[in-house]
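Colleague: Before I borrow your labels for my own notes, could you walk me through them? I'd like to see each word held up against its cut-off.

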Amino acid sequence: MDEIVDTPSAILASAAMLLRQRTFDDISYADLAEIADVSERTIYRRFPTRSHLLEALGRWIEAEHFPVLDFRTPAEFREAVRARFRAYDAEPAFAFVAARGGALSPTADDPAAPITEAIVAMIDAAAPNLNRRDARRAAASVRYFVSPMFWARMRTGFDMSADETFGVFDLTLRRVLPAATEANRAA
């Protein structure tokens, strides 16, 4: 029986393999076709532009190389984020590609990232009577501060380590969650 091949994942895994030797900008569709053992046409069909490829590669890298630990409480969330920033520091080439991919306007119709849904669930538990709009706003703020984009900006702009970047995130979380809880009480 033939094994079912997930072509997009095979292409993205090949791109990640090439990222260990070159930058994303130095990877051509012809290189990918050769490594993934598919035609260039197949790659163009799956990823019509380099933006599509970069966005998909960023999401794939986040899922495969930087999975988020489960969390339900703010304390568990803090530990998950600290581990995530340390993982970014350990594989900066992948983290920078994830950051670039995340910075693009969405080109795909993928559902929200699992970490976004987990953040919303944590905020719902911390402030159960907060209205949906304010909960989503708080989640969006927190989501940015755990993203590879934030890590990349702190690293390139301020030469911050993972632990220093975590300190900035932690300060932000301590301001956003009480504000959300306070808004909950006022409602």
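Modeller: Sure, accessibility words first: buried means under 20% relative accessible area, exposed means over 50%, and partly exposed is what falls in between, with a 1.4 Å probe and protein chains only. Keep in mind that this is a predicted model, where local features need pLDDT of at least 70, side-chain atom pairs count only at pLDDT 80 or more, and totals for chains, interfaces and linings use all residues. Residues are numbered from 1 along each chain as its sequence is written, and side-chain values use heavy atoms, with hydrogens and water left out.

Colleague: Then what makes glutamate 91 partly exposed?

Modeller: Its relative accessibility is 23%. That value sits between the two limits, so glutamate 91 counts as partly exposed.

Colleague: How do you know that glutamate 91 and arginine 20 form a salt bridge?

Modeller: The term asks for a side-chain nitrogen of Lys or Arg within 4 Å of a carboxyl oxygen of Asp or Glu. Here the closest N and O atoms are 3.3 Å apart, and the pair passes. Glutamate 91 lies in the loop between helix H5 (74–90) and helix H6 (92–103), arginine 20 in the loop between H1 and H2, so the bridge ties together parts that are 71 residues apart in sequence. Arginine 20 has a relative accessible area of 58%, so it is exposed.

Colleague: How many salt bridges does a search of the whole structure find?

Modeller: It finds 14. Glu79, Arg82, Arg86 and Asp163, for instance, are linked in a network of them.

Colleague: Which residues does aspartate 170 bridge to?

Modeller: One is arginine 78, with the closest N and O atoms 2.4 Å apart. That pair links distant parts of the chain, aspartate 170 being in helix H10 (residues 162–186) and arginine 78 in H5, 92 residues apart. Arginine 174 is another, at 3.0 Å from N to O. Aspartate 170 and arginine 174 are four residues apart in H10, so about one helical turn separates them. An α-helix has 3.6 residues a turn, so residues three or four places apart point the same way.

Colleague: Are aspartate 170 and arginine 174 buried or exposed, or something in between?

Modeller: Aspartate 170 has 13% relative accessible area, so it is buried. Arginine 78 is buried too. Arginine 174, at 48%, counts as partly exposed.

Colleague: On to the helices. What makes H1 roughly perpendicular to H2?

Modeller: A helix here is a DSSP run (H or I, at least four residues), numbered from the N terminus. H1 covers residues 7–19 and H2 residues 29–36; they pack at about 110 degrees with their axes 9 Å apart. Roughly perpendicular means 65 to 115 degrees, so H1 and H2 earn the label. The axes are lines fitted to C-alpha atoms over the stretch in contact, and angles run from 0 to 180 degrees between N-to-C directions.

Colleague: Which residues of H1 and H2 make the contact?

Modeller: Contact means heavy atoms within 4.5 Å. From H1 come Ala10, Ile11, Ser14, Ala15, Met17 and Leu18, and from H2 come Asp31, Leu32, Ile35 and Ala36. By class that is eight nonpolar, one polar and one charged. Ala, Val, Leu, Ile, Met, Phe, Trp, Tyr, Cys and Pro count as nonpolar, Asp, Glu, Lys and Arg as charged, and the others, Gly among them, as polar.

Colleague: Why is serine 14 called buried?

Modeller: Its relative accessibility is 6%, so it counts as buried. Leaving out residues up to four places away in sequence, serine 14 touches Leu32, Ile35 and Ala36.

Colleague: What is notable about phi at aspartate 37?

Modeller: Phi there is positive, about 60 degrees, although the residue is not a glycine. Most residues other than glycine have a negative phi. Aspartate 37 lies in the loop between H2 and helix H3 (40–46), and at 69% it counts as exposed.

Colleague: Where is aspartate 159, and what is its phi?

Modeller: Aspartate 159 sits in the loop between H9 and H10, with a positive phi near 55 degrees. Its relative accessible area is 65%, so it is exposed. In H9 itself (residues 148–158), Pro148, Phe150, Trp151, Ala152 and Met154 are buried.

Technical notes
Helix = DSSP H or I, 4+ residues; strand = E, 2+ residues; numbered from the N terminus. Parallel < 35°, antiparallel > 145°, perpendicular 65-115°, else oblique.
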